[in-house]
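The questions below go through how the parts of one assembly meet. Each answer ends on the item asked for.

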Number of protein chains: 2
Amino acid sequence: MAATIRDVARRAGVGLGTVSRVLNNSPLVSPVTRKRVLDAIAELRYSPSQIARSFASGKTLTVSVIAPFFTRPSVVERLRGIESALHANGYSLVVFNVETAARRDTCLHDISRHDRSDGALIISLTPREDEILALREAGTAVAMVDTAAEGMYGVRIDDIFGGEVAVRHLLDLGHRRIGFVGDSDEEVRSFNFSSSRDRHAGYLRALAAAGVAPRAEYARYGAHGRYDARVLARNLLQLPEPPTAIFAASDTQAMGVLEAARDLKLRVSGDLSVVGFDDIDVAEYLGLTTVQQPLFTSGKRGVEILLSLLAGDPPALQSEVLPIALVVRATTAPPRPT
Amino acid sequence: MAATIRDVARRAGVGLGTVSRVLNNSPLVSPVTRKRVLDAIAELRYSPSQIARSFASGKTLTVSVIAPFFTRPSVVERLRGIESALHANGYSLVVFNVETAARRDTCLHDISRHDRSDGALIISLTPREDEILALREAGTAVAMVDTAAEGMYGVRIDDIFGGEVAVRHLLDLGHRRIGFVGDSDEEVRSFNFSSSRDRHAGYLRALAAAGVAPRAEYARYGAHGRYDARVLARNLLQLPEPPTAIFAASDTQAMGVLEAARDLKLRVSGDLSVVGFDDIDVAEYLGLTTVQQPLFTSGKRGVEILLSLLAGDPPALQSEVLPIALVVRATTAPPRPT
DNA sequence: CTGTTAGCGCATTCAC
DNA sequence: GTGAATGCGCTAACAG
């Protein structure tokens with residue numbers, strides 16, 4: 001039914017290879033021949049079979065991306081950067097949404113059978129050592145976005161520093177009783193996320209630098225999302241000596257904190273200061289003070305790194321670190337004088 | 001480097017076709033032979049080449065989805081439903097993000113070369129007649145999500161009814177001066193979106209049913225998103241006789257309306273009632289009254305429809321209509337007595 | 001510059 | 001039940 005390259009060759013009265021050359025923009029074709037071929041292609045409404053092409057060339061012009069919870073605004077924005085860069089380079093994007101630990105493992109395993117795609121992008125998930133080994137052994141081209149791992153190329157931010165910046169801001173405002181709401185250990189472990197943990201480390205570091213002793217009861221962990229964060233924050237705020245400020249490991253969790261404040265009729269920033277992380281779209285709407293990171297750019301850079309890997313010239317830096325910035329809005333202020 | 005089916009055959013001491021049969025779970029293989037083959041596969045760590053497989057079989061086990069502005073929360077949620085259903089059926093998902101009219105056209109055109117994928121899902125975009133023709137001619141399997149078009153299968157909601165429900169709610173509360181904020185004609189035209197237009201039609205219908213004469217100056221259109229909606233709503237609210245309620249064509253635009261109210265120090269719902277559409281995640285956070293539609297389900301159903309199409313037994317209904325529901329929250333109340 | 005050839009790895013006929 | 005043979009449509013390497 002559909003015309004093949006052979007039909008075109010016959011129609012144009014040329015060899016099969018010549019058509020192929022025209023298709024691939026080889027310079028080794030005389031203008032007249034090229035035109036004849038192009039005419040035949042147009043007349044036959046020929047369109048080359050991508051699968052056959054991939055099969056013969058070994059290249060699929062497709063990249064897989066493994067995205068945990070791809071509905072999270074921060075992930076979506078990274079994906080947008082990825083899709084955009086990929087499309088600009090003629091690549092297609094196949095998406096794997098990881099919402100369970102089991103799927104995390106199978107996805108990470110499957111990409112080593114580098115077959116359906118030329119390479120993979122891994123968002124936020126850190127491969128374990130054995131997985132890294134398998135990937136390397138299989139020779140799969142991989143770029144990591146928002147994480148780093150031994151010997152892997154990628155782009156990320158300094159989450160520890162980010163946490164530090166957020167908490168230092170609160171300290172500078174005069175807060176001393178500062179809470180933290182982040183991802184549960186279980187979640188961190190089963191997916192091997194690192195950002196919440198690192199941001200917590202930054203929180204501790206900032207406290208230490210200011211000579212403020214951390215209190216165990218001020219750090220709470222739950223499933224990512226508004227709902228858990230809301231409960232955790234409520235608990236925090238009902239402590240005998242509640243924190244005057246809370247640093248949430250993400251803007252989404254910060255929203256839960258804001259809800260908790262609302263629940264308890266606390267005024268933000270009067271009674272409670274809140275800092276988030278990511279600067280997702282709604283943060284501005286909410287007037288949320290947060291740590292901004294270049295989400296779109298991270299996806300874009302991830303693609304660029306992957307493409308250089310595929311092209312055979314790895315980037316100079318293994319792990320590129322993107323800049324972050326504190327965005328001060330309306331949810332932070334000095335604590336109420338006691 | 002990687003083992004092929006031939007290696008496995010040799011290793012197992014069987015013919016090449018037998019291995020293929022084992023791979024495809026053909027019953028025409030004796031248990032002992034099957035075991036021998038499976039052992040060889042395991043020993044060689046063989047994994048069949050998907051491209052070769054697709055090439056030989058003509059099936060790619062991949063579905064393309066064309067999503068306009070896939071960062072919009074409503075679209076993301078549909079995508080999640082799509083990814084989930086696709087994965088459950090062993091299909092991969094390749095995503096095309098459409099953010100310009102030009103890309104809309106090329107994407108819609110490209111899927112007719114049904115080659116890289118077995119079929120396509122089109123979200124929210126309505127193909128024009130010539131595009132439908134091309135799709136049909138090419139024999140591409142397509143399911144539409146959130147739109148409908150002559151002769152195409154798909155799943156959607158009744159947006160006109162949805163608009164009507166929203167506005168009737170406002171009328172029931174006693175509002176008579178009701179504004180509308182929706183997508184600009186230009187946007188609607190270049191992408192061929194239909195939902196905003198339909199919801200506006202529902203708005204008019206509800207007004208008519210209540211015997212309220214529509215006022216041209218009460219309907220404003222701009223680019224989708226908070227920013228334009230905010231400006232439009234501000235204009236609306238600064239009219240000599242401003243509306244007491246505004247129906248926004250989407251929750252995102254409703255957020256812009258809420259911002260406008262904040263700008264003008266109007267209290268929602270005291271001074272102004274607001275209704276959105278979609279019931280995206282933040283709607284609950286905002287206490288936004290809105291029209292809920294089954295986003296995840298729409299994606300899931302879209303996939304199911306597409307798969308039946310691919311399986312050769314088209315669904316009974318061409319265009320399935322999903323239910324919607326008014327969710328009354330805190331942004332609507334009776335108008336202030338005059 | 002151009003035509004011809006040999007596979008890419010597998011599914012799918014066929015004979016046996 | 002099983003093995004061998006053909007071809008999917010194209011690219012790449014080779015002669016010319």
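Q: At what angle do the axes of helix 4 of chain A and helix 4 of chain B cross?
A: This is a predicted model. The two axes come within 9 Å of each other. The angle at which helix 4 of chain A and helix 4 of chain B cross is roughly 135°.

Q: Is helix 4 of chain A parallel, perpendicular or oblique to helix 4 of chain B, and why?
A: The axes cross at roughly 135°. Angles over 145 degrees count as roughly antiparallel and those from 65 to 115 as roughly perpendicular, so this angle falls in the remaining class. Helix 4 of chain A is therefore, relative to helix 4 of chain B, oblique.

Q: Which residues of helix 4 of chain B meet helix 4 of chain A, and how many residues of the contact are charged?
A: The crossing of the two helices is left-handed. Ile51(A), Ala52(A), Ser54(A) and Phe55(A) on one side meet Ile51(B), Ala52(B), Ser54(B) and Phe55(B) on the other. By class, this contact of helix 4 with helix 4 holds six nonpolar residues, two polar residues and, as for charged ones, none.

Q: Which kind of axis relates chain A and chain B, and why?
A: Chain A superposes on chain B with an RMSD of 0.2 Å, after a rotation of 180° and a shift of 0.1 Å along the axis. The two copies are thus related as by a two-fold rotation axis.

Q: Which C-alpha of chain A is nearest the axis?
A: The axis in question belongs to the rotation of 180° that superposes chain A on chain B. The nearest C-alpha in chain A lies 2.0 Å from that axis, and its residue is Val94(A).

Q: How many residues does each chain give to the contact, and what percentage of those of chain A recur in chain B?
A: Chain A gives 26 residues and chain B gives 26 residues. In chain A, helix 4, helix 5 (73-88), strand 2 (92-98), helix 12 (251-263) and helix 13 (281-286) each supply at least two residues of the side that touches chain B. That side has ten nonpolar, eight polar and eight charged residues. The same surface serves both copies, and the share of contact residues of chain A that recur in chain B is 100%.

Q: Which element gives the largest share of the surface near DNA strand C?
A: Of the 25 residues around DNA strand C, Gly15(A), Gly17(A), Thr33(A), Ile5(B) and Ala52(B) come nearest. Helix 2 (16-23) and helix 4 (50-57) of both chain A and chain B give two or more residues to this surface. The largest share is five residues, from helix 4 of chain B.

Q: Which element gives the most to the surface near DNA strand D?
A: The residues that come nearest, of the 25 around DNA strand D, are Ile5(A), Ala56(A), Gly15(B), Gly17(B) and Thr33(B). This surface divides into 13 nonpolar, eleven polar and one charged residue. The most, five residues, comes from helix 4 of chain A.

Q: What is the handedness of the crossing of helix 11 and helix 12 of chain B?
A: Helix 11 (residues 226-237) and helix 12 (residues 251-263) of chain B pack with their axes 7 Å apart, at an angle of about 50°. That makes helix 11 of chain B oblique to helix 12 of chain B. The crossing of helix 11 of chain B with helix 12 of chain B is right-handed.

Conventions
Residues are numbered from 1 along each chain as its sequence is written. Chains are lettered from A and ligands numbered from 1 in the order in which they are written. This is a predicted model: local features need pLDDT of at least 70, side-chain atom pairs count only at pLDDT 80 or more; totals for chains, interfaces and linings use all residues. A residue is near a molecule or strand if its C-beta atom, placed from the backbone, lies within 6 Å of it. Helices (H or I, at least four residues) and strands (E, at least two) are DSSP runs, numbered from the N terminus. Two residues are in contact if their C-beta atoms, placed from the backbone, lie within 7 Å. Ala, Val, Leu, Ile, Met, Phe, Trp, Tyr, Cys and Pro count as nonpolar, Asp, Glu, Lys and Arg as charged, and the others, Gly among them, as polar. Axes are lines fitted to C-alpha atoms, for helices over the stretch in contact, and angles run from 0 to 180 degrees between N-to-C directions. Angles under 35 degrees count as roughly parallel, over 145 as roughly antiparallel, 65 to 115 as roughly perpendicular and the rest as oblique. A crossing is left-handed if the near helix is turned anticlockwise from the far one by less than a right angle, and right-handed if clockwise. Copies are superposed by least squares on the C-alpha atoms of residues with pLDDT of at least 70 in both.
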